[in-house]
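User: Please take me through the ligand site here. I want the criterion behind each label.

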Amino acid sequence: MSNIDNELIVKAAEYIYRAKNLIVFTGAGMSADSGIPTFRGEDGLWNRYRPEDLATLDAFLSDPVKVWRWYLWRISRLKSVKPHKGYNVLSRWYRIGILKYVITQNVDGLFIESGIDKVIELHGNILRARCTSCRYSSPIDKLDRSSLPIICPRCYGLMRPDVVWFGEPLNPSILDKAYQLARESDVMLVIGTSGVVYPAAYIPYIAKESGSKVIEINVEESMITEISDIFIGLRAAEALTYIDKYLSRYR
Ligand code: OAD
């Protein structure tokens, strides 16, 4: 770590130590250190697959088996994935009351697995399915997956992954809650998002306009960097571990 990085880490730890209302906002870069691919960038999912073939309602309705196969493949890859040490840091901050809420665009459920229960999953959760007819919702592993597409055990309708697809609105009450948390935050820690997908990308801007300090962790500059008070150009797991090391000196 360079001296510049070191100074930024110390400053970030100071902001976090003084925060009364720390909110974390994340994207796929947070899960990258656990081995889950991001969406954009060289190894990103949207470089290998076309979102319009797999992540829209039209694609699902025209070929639900193909879309389910892709989601079940992504779910199967999650089985061997564990929350990395950066998640452990955030989970500890949550337990001791430093971190108040997490808002994530990720659908992998890793925050919940790491023991943080105040999590807003803006884009849904890949481990759940919901019925397109009666809206019955269930964890995928409780459903019969022996033949595809998955059928609703209540009404025999078509079950779909419980995620937000391109062209679909976010749940308004979930989005309102996220905006409210952003307005009330005094420090927002933004981790691993390109900041190109709206309305999620408004969240750091709302925090900033409400007077919050914005700390960003990302391996490269993003659309959020222009409003970041501190930009830490490191991987999520590494940056969080360093910040935690300095934070523990204050406690
Ligand atoms: P992206 O793939 O657009 O961006 C990932 C960001 O993480 C980039 O800015 C990378 O530089 C950064 N990054 C990569 N590895 C990292 C690491 N180890 N540590 C820190 N940062 C790292 O993913 P999102 O911003 O999450 O939507 O994308 C937003 C939405 O677009 C997703 O929720 C998904 C996608 O289409 C839906 O599925 C609705």
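Analyst: The ligand site comes first, then some backbone geometry. This is a predicted model, where local features need pLDDT of at least 70, side-chain atom pairs count only at pLDDT 80 or more, and totals for chains, interfaces and linings use all residues. Residues are numbered from 1 along each chain as its sequence is written, and side-chain values use heavy atoms, with hydrogens and water left out.

User: What makes a residue part of the shell around the ligand?

Analyst: One of its heavy atoms must lie within 4 Å of the ligand. Here 22 residues surround the ligand, with A28, R40, T193, S194 and N218 the closest.

User: Why is the ligand said to lie between domain 1 and domain 2?

Analyst: Both domain 1 (1-36 + 84-123 + 171-251) and domain 2 (38-80 + 129-163) give residues to the shell, so the ligand lies between them. The domain bounds come from an automatic or database domain assignment.

User: What makes the T193 pair a polar contact?

Analyst: A polar contact is a pair of N or O atoms within 3.5 Å; within protein, one must be able to donate a hydrogen and the other to accept it, and residues adjacent in sequence count only if both atoms are side-chain atoms. A ligand oxygen is 2.6 Å from an N or O atom in the T193 side chain, so the pair meets the distance cut-off.

User: What is notable about the bond from Y198 to P199?

Analyst: The peptide bond from Y198 to P199 is cis, with omega near 10 degrees. Most peptide bonds are trans. The bond from L148 to P149 is also cis, with omega near 0 degrees.

User: Which sign does phi of R135 have?

Analyst: Phi of R135 is positive, near 70 degrees.
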